[in-house]
2 protein chains.
Amino acid sequence: MITLYQSPTSIARALQIVLEDVGAEYISHRIDFTKSDQRSPEFLQINPKARVPALVTEQGILTETPAILVYLAQLFPQAGLIPLDDPFAFAKVQEFNAYIASTIHVAHAHRGRGYRWVEASDEAALAAMRNFVPTSVAAAFALVETDMLAGPFVMGDTYTICDPYLFTVAQWLELDGIDPASLPRVAAHRAMMLARPAVQRAIEKSLA
Amino acid sequence: MITLYQSPTSIARALQIVLEDVGAEYISHRIDFTKSDQRSPEFLQINPKARVPALVTEQGILTETPAILVYLAQLFPQAGLIPLDDPFAFAKVQEFNAYIASTIHVAHAHRGRGYRWVEASDEAALAAMRNFVPTSVAAAFALVETDMLAGPFVMGDTYTICDPYLFTVAQWLELDGIDPASLPRVAAHRAMMLARPAVQRAIEKSLA
């Protein structure tokens, strides 16, 4: 049995969607950030980084969203969520996911997690970061809009692990001060994803 | 033929080491950041993100270091640089690499690339970021030191794509204000890597 440690609206949502996509049996364990559950001794045993997601498998614990996305795609190969026999096509999926992790998600994190990169008491620097998020996140999404999102799915006609990952970060657009209408292709992808039953199930279960 | 667009001491070094590890035939194309080569129209055609690495293959162009590391490991399976038949072990390699990309490399980038996350004219915020790098990078490496680096190689007895990646970011420790003696296991790994002929060849070719 697999257990996903997640928090609703966090990046762990991408994994919960994939678990629903493949029809996996799994336990959804909600971590409540308002109660600092992620810093509890119990959770730090699971993930010393004090973050979600963490995936507890029979072989051990995995963290880091791009790694777990590929793990699930490999564990459920019949779902066809990553091209397994074509290293270049596999790498294109990974390239997209790495951009989300290291550019989009990192830009977004400067809104609420600036203390990772400046003294937590430096209110001016934290505000400078927060105020720049609409600019940096918009620039990061602009490249998705113009160059990276083939349409209708990220990789074109085939649904892959890139799609729930993009959907998850695109849910943060309004929070980051960006009008989705400025990114019509990203917005259309988000609406298409939201209509999928697996996405609805993932959202519902994440709130339980 | 493969062409690696790289800059010496940049993160592209990890890929150049792997190319030497596997004995690939490739062209090393140096991008000179002091001349803003990365913003030339020619290079922006290759990588609109204006960064290295970029890998030009016969199938197309790849960017993002964690994606290219796995691509090379899959393209040269005889080198055994990632476990190809064990999704969990594969994911542990990817988990480590994702941590380097999204945590260590990002923390480091706040020293010289703070303009990605605040207004470029905000000298106080840029300085606040720069001044915090010794703290944030040290904290990120502390987890590698205590939890993640199995030894002698990252994954234990087997050399993988994690090793050149860790080596490359560990070369920045002094620049980031960190005494390598405070991270004895990371420092020992770095010294071991530096002594490898493939690493020496990669460094030499990157400077050509």
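**View 1. The largest cavity and the residues around its centre.** Thirteen is the number to keep in mind here: the largest cavity is lined by 13 residues, and those nearest its centre are A:Pro66, A:Gln94, A:Ala98, B:Pro66 and B:Ala98. This is a predicted model, so please read each of these views with that in mind. A search of the whole structure turns up 1 cavity of 30 Å³ or more, and the volume of the largest cavity is about 100 Å³. Which helices supply at least two residues each to the lining? They are helix H3 (65-75) and helix H4 (87-112) of chain A, along with helix H3 (65-75) and helix H4 (87-112) of chain B. H4(A) gives the most, with 5 residues. As for chemical character, the lining divides into 8 nonpolar and 5 polar residues, with no charged ones.

**View 2. Two chains and their symmetry.** Here we step back to look at how chain A and chain B are related. A rotation of 180° with 0.0 Å of shift along its axis superposes chain A on chain B, with an RMSD of 0.0 Å. That is the relation of a two-fold axis. Of the interface residues of chain A, 100% are also interface residues in chain B, so the copies meet through the same surface.

**View 3. The largest nonpolar core, with a close look at A:Phe141.** The largest nonpolar core holds 118 residues, and A:Leu72, A:Phe141, B:Leu72 and B:Phe141 touch the most other members. What does A:Phe141 touch, once residues up to four places away in sequence are set aside? Its partners are A:Ile104, A:Leu166, A:Val169, A:Ala170, A:Leu173, A:Leu183 and A:Val186. A second, separate core has 16 residues, including A:Val106, A:Ala109, A:Ala128 and B:Ala125.

**View 4. Helix H6 of chain A and its surroundings.** Helix H6 of chain A covers residues 162-170, and 9 of its 9 residues are buried, so the helix is largely enclosed by the rest of the structure. To find them on screen, select A:Cys162, A:Asp163, A:Pro164, A:Tyr165, A:Leu166, A:Phe167, A:Thr168, A:Val169 and A:Ala170. Which helices of chain A do these buried residues pack against? They pack against helix H1 (13-21), H3, H4, helix H5 (123-148), helix H7 (184-194) and helix H8 (197-207). Two members of H6(A), A:Leu166 and A:Val169, appeared in the previous view as residues touched by A:Phe141.

**View 5. A:Asn97, a buried residue of helix H4.** A:Asn97 sits in helix H4 of chain A. Is A:Asn97 buried or exposed? A:Asn97 has a relative accessibility of 1%, so it counts as buried. Leaving aside neighbours within four places in sequence, A:Asn97 is in contact with A:Leu69, A:Ile161, A:Cys162 and A:Tyr165. A:Cys162 and A:Tyr165 are among the buried residues of H6(A).

**View 6. B:Ala14 in the other chain.** Now over to chain B, where B:Ala14 is found in helix H1 (residues 13-21). The relative accessibility of B:Ala14 is 0%, so this residue counts as buried. Not counting residues up to four places away in sequence, B:Ala14 touches B:Leu69, B:Pro164, B:Tyr165 and B:Thr168. For a sense of scale, B:Ala14 and B:Asp32 are 18 residues apart along the chain, and their C-alpha atoms are separated by 18 Å.

**View 7. Cis peptide bonds at Pro53.** Most peptide bonds are trans, which makes this a good spot to zoom in. In chain A, a cis peptide bond joins A:Val52 and A:Pro53, with omega about 5°. A:Pro53 belongs to the loop between helix H2 (41-46) and strand S3 (54-56) of chain A. In chain B, B:Val52 and B:Pro53 are likewise joined by a cis peptide bond, with omega about 5°. B:Pro53 lies in the loop between helix H2 (41-46) and strand S3 (54-56) of chain B.

**View 8. Positive phi at A:Ser36 and B:Glu64.** Most residues other than glycine have a negative phi. A:Ser36 is not a glycine, yet has a positive phi of about 55°. This serine is placed in the loop between strand S2 (26-30) and H2 of chain A. With a relative accessible area of 38%, A:Ser36 is partly exposed. B:Glu64, also a residue other than glycine, has a positive phi near 80°. Where is B:Glu64? B:Glu64 lies in the loop between strand S4 (61-63) and H3 of chain B. At 15% relative accessibility, B:Glu64 counts as buried, because the cut-off for buried is under 20% relative accessible area.

Definitions and conventions:
Residues are numbered from 1 along each chain as its sequence is written. Chains are lettered from A and ligands numbered from 1 in the order in which they are written. This is a predicted model: local features need pLDDT of at least 70, side-chain atom pairs count only at pLDDT 80 or more; totals for chains, interfaces and linings use all residues. Side-chain values use heavy atoms; hydrogens and water are left out. On a 1 Å grid over the protein atoms alone, a cavity is a set of points where a 1.4 Å probe fits but cannot get out, and a pocket is an open set with protein on both sides within 12 Å along at least five of seven lines; lining residues have an atom within 4 Å of a point. Grid points are joined across faces, edges and corners, and a volume is the space filled by probe spheres set on the points. Helices (H or I, at least four residues) and strands (E, at least two) are DSSP runs, numbered from the N terminus. Ala, Val, Leu, Ile, Met, Phe, Trp, Tyr, Cys and Pro count as nonpolar, Asp, Glu, Lys and Arg as charged, and the others, Gly among them, as polar. A nonpolar core is a set of buried Ala, Val, Leu, Ile, Met, Phe, Trp, Tyr and Cys residues joined through side-chain atoms within 4.5 Å. Buried means under 20% relative accessible area, exposed over 50%, partly exposed in between (1.4 Å probe, protein chains only). Contact means heavy atoms within 4.5 Å. Copies are superposed by least squares on the C-alpha atoms of residues with pLDDT of at least 70 in both.
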